[in-house]
Amino acid sequence: MTEQKKSPEISIIVPVYKVEKYLNECIDSILAQTFTDFELILVDDGSPDNCPALCDAAAEKDSRVRVIHKQNGGVSTARNAGLDAAQGNWIAFVDSDDTVEPEYLEKMHKAVLETGADFAICSSQCIDENSKTLAGGEHRLLNEFLPQEEVLRRMVVSDFQVPWNKLYRRKLLENLRYPENKAFEDTCLMSVIYARAASACGVWDFLYNYRIVTGSAMHRKTTLKTLDWVEAWYRLFDVLYQNGIRDAL
């Protein structure tokens, strides 16, 4: 009888598309984690550059890396494919042009175990295309426990509107998938996740590095697609309204 492989404690999902310049740095920062019981799921969203080969090369070097190659469908389809494949008790998302600090997983995992929270959220800072930390970063979180009402109240804070810089209990994402063919799809789903969460915990440290890249999806000129932002914010507004949290409206 073959021994059944133990499921990893954490699944890290990275959607990959046209980030050849930054992908290895992202992967290396994840594989350098002080917390080692994880699987890294690289979802190649039909990238036309050298990213598919870089993903495969990473998997050959480290058994914790799994690669999914799929037709291009957008970041939501990539994250959803990662969720379908994830085996961990906890889920984290990292964007493929970003990096994380060595204690990214360890500190958030420790925080959720100590507090019993449904997810952890850490402070993030911006870096430029050369990985230089940009001025102006500020700690918007303390090492703190957040009951659901406070989690919902903080939805108006930018750090709470993105899928990365967080570690989610797996059950929090059960049967949830990112809406496809939309801009700001992550913000649309966050309100649903927070309405499910009984509590969260904050981690003060800057553990996630968000890269500002010229021409990226979040920094293109305004078009009619930007109106998806209106829908995303309406969903946040509605959750706050339905829960009677009027001071944040």
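This briefing describes salt bridges in the structure above and the surroundings of their partners. The model is a predicted one, and the count of salt bridges in it comes to 16. Three of these pairs are taken up below, grouped by how their partners are placed along the chain.

**Pairs that link distant parts of the chain**

- Asp 205 and Lys 107 meet through their side chains in a salt bridge, with an N to O distance of 3.0 Å.
- This pair links distant parts of the chain, since Asp 205 belongs to strand β9 (residues 199-211) and Lys 107 to helix α4 (residues 104-115), with the two positions 98 residues apart in numbering; Lys 107 counts as partly exposed, at 27% relative accessibility.
- A salt bridge also joins the side chains of Asp 118 and Arg 169, at 3.1 Å from N to O.
- Here too distant parts of the chain are linked, with Arg 169 in strand β8 (residues 166-169) and Asp 118 assigned to the loop between α4 and β6, 51 residues apart.
- Asp 118 counts as buried because its relative accessibility of 8% lies under the 20% limit, whereas Arg 169, at 22%, counts as partly exposed.

**A pair within one helix, and its network**

- In helix α5 (residues 148-153), Glu 149 and Arg 153 are four residues apart, which means that about one helical turn separates them, and their side chains meet in a salt bridge of 3.1 Å, N to O.
- Both partners are partly exposed, Glu 149 with a relative accessible area of 48% and Arg 153 at 23% relative accessibility.
- Glu 149 and Arg 153 also belong to one network, in which salt bridges that share partners join them with Glu 144, Glu 150, Arg 154 and Asp 247.

Methods
Residues are numbered from 1 along each chain as its sequence is written. This is a predicted model: local features need pLDDT of at least 70, side-chain atom pairs count only at pLDDT 80 or more; totals for chains, interfaces and linings use all residues. Side-chain values use heavy atoms; hydrogens and water are left out. A salt bridge is a side-chain nitrogen of Lys or Arg within 4 Å of a carboxyl oxygen of Asp or Glu. Buried means under 20% relative accessible area, exposed over 50%, partly exposed in between (1.4 Å probe, protein chains only).
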